[in-house]
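Dear colleague,

I am handing over the structure below, and after it I set out what was found. Please read the notes with the coordinates open beside them.

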Amino acid sequence: VANIINDVLFGFRYKYEECQPLMDYCEGFKNILLGMTENKLLMLALVYAPIRHWPVIGRHAVGKSRDQFQKRDQPSGDMFRLLPRR
């Protein structure tokens, strides 16, 4: 399913034997989402947005999830290396 979504969004499909970078990306994304659901402060920050700007609480509420997404989206991973150049 992820390969089909990748094909629709980016116009590129991995071969069945070479799809490990895509699977690693999907697994990491799943782990980030699971971590977000376990973060009670993040849920509170979604309801009460000014919490994001409080120094320590904002870092624990939103900063950790933001850092994980930024780390995951770095284009240095194998998935981006294998994308065809246009």
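**Salt bridges and their residues**

At a relative accessibility of 45%, R13 counts as partly exposed. Please keep in mind throughout that this is a predicted model. R13 forms a salt bridge with D7, and the closest N and O atoms of this pair are 3.2 Å apart. The partner, D7, is likewise to be classed as partly exposed, its relative accessibility being 28%.

A search of the whole structure finds 2 salt bridges, and K30 takes part in one of them, pairing with E27 at a distance of 3.2 Å between the closest N and O atoms. Both K30 and E27 lie in helix α2, which covers residues 20–38, and because they are 3 residues apart there, about one helical turn separates them. With a relative accessible area of 41%, K30 is partly exposed, and E27, at 40% relative accessibility, counts as partly exposed too.

**Cysteines**

How many disulfides does the count come to? The count comes to 0 disulfides. C19 is in no disulfide, since the cut-off is a pair of cysteine sulfur atoms within 2.5 Å, and the nearest cysteine sulfur to C19, that of C26, is 9.3 Å away. The statement holds from the other side as well: C26 is in no disulfide, and its nearest cysteine sulfur, that of C19, lies 9.3 Å away. As for their surroundings, C19 counts as buried at 19% relative accessibility, for which the limit is under 20%, whereas C26, at 30%, counts as partly exposed.

**A nonpolar patch on the surface**

The remaining finding concerns the surface, where L41, M43, L44, L46, V47, Y48, W54, V56 and I57 form a nonpolar patch that has about 880 Å² of accessible area together. The elements that give two or more residues to this patch are α3, covering 40–47, and α4, covering 55–72. Which element gives the most to the nonpolar patch? It is α3, which contributes 5 residues. One of the patch residues, L41, is found in helix α3. L41 is partly exposed, with a relative accessible area of 33%, and it can therefore belong to the patch, for which the cut-off is over 30% relative accessible area.

With kind regards

Key:
Residues numbered from 1 in each chain as written. Predicted model: local features only at pLDDT ≥ 70, side-chain atom pairs only at ≥ 80, totals over all residues. Heavy atoms only, no water. Patch = residues over 30% accessible without salt bridge, like charges linked within 9 Å, V, L, I, M, F, W, Y side chains within 5 Å. Areas by Shrake-Rupley, 256 points an atom, 1.4 Å probe, with all protein chains shown as cover. Salt bridge = Lys/Arg side-chain N within 4 Å of Asp/Glu carboxyl O. Helix = DSSP H or I, 4+ residues; strand = E, 2+ residues; numbered from the N terminus. Buried < 20%, exposed > 50% of the residue type's maximum accessible area, 1.4 Å probe, protein only.
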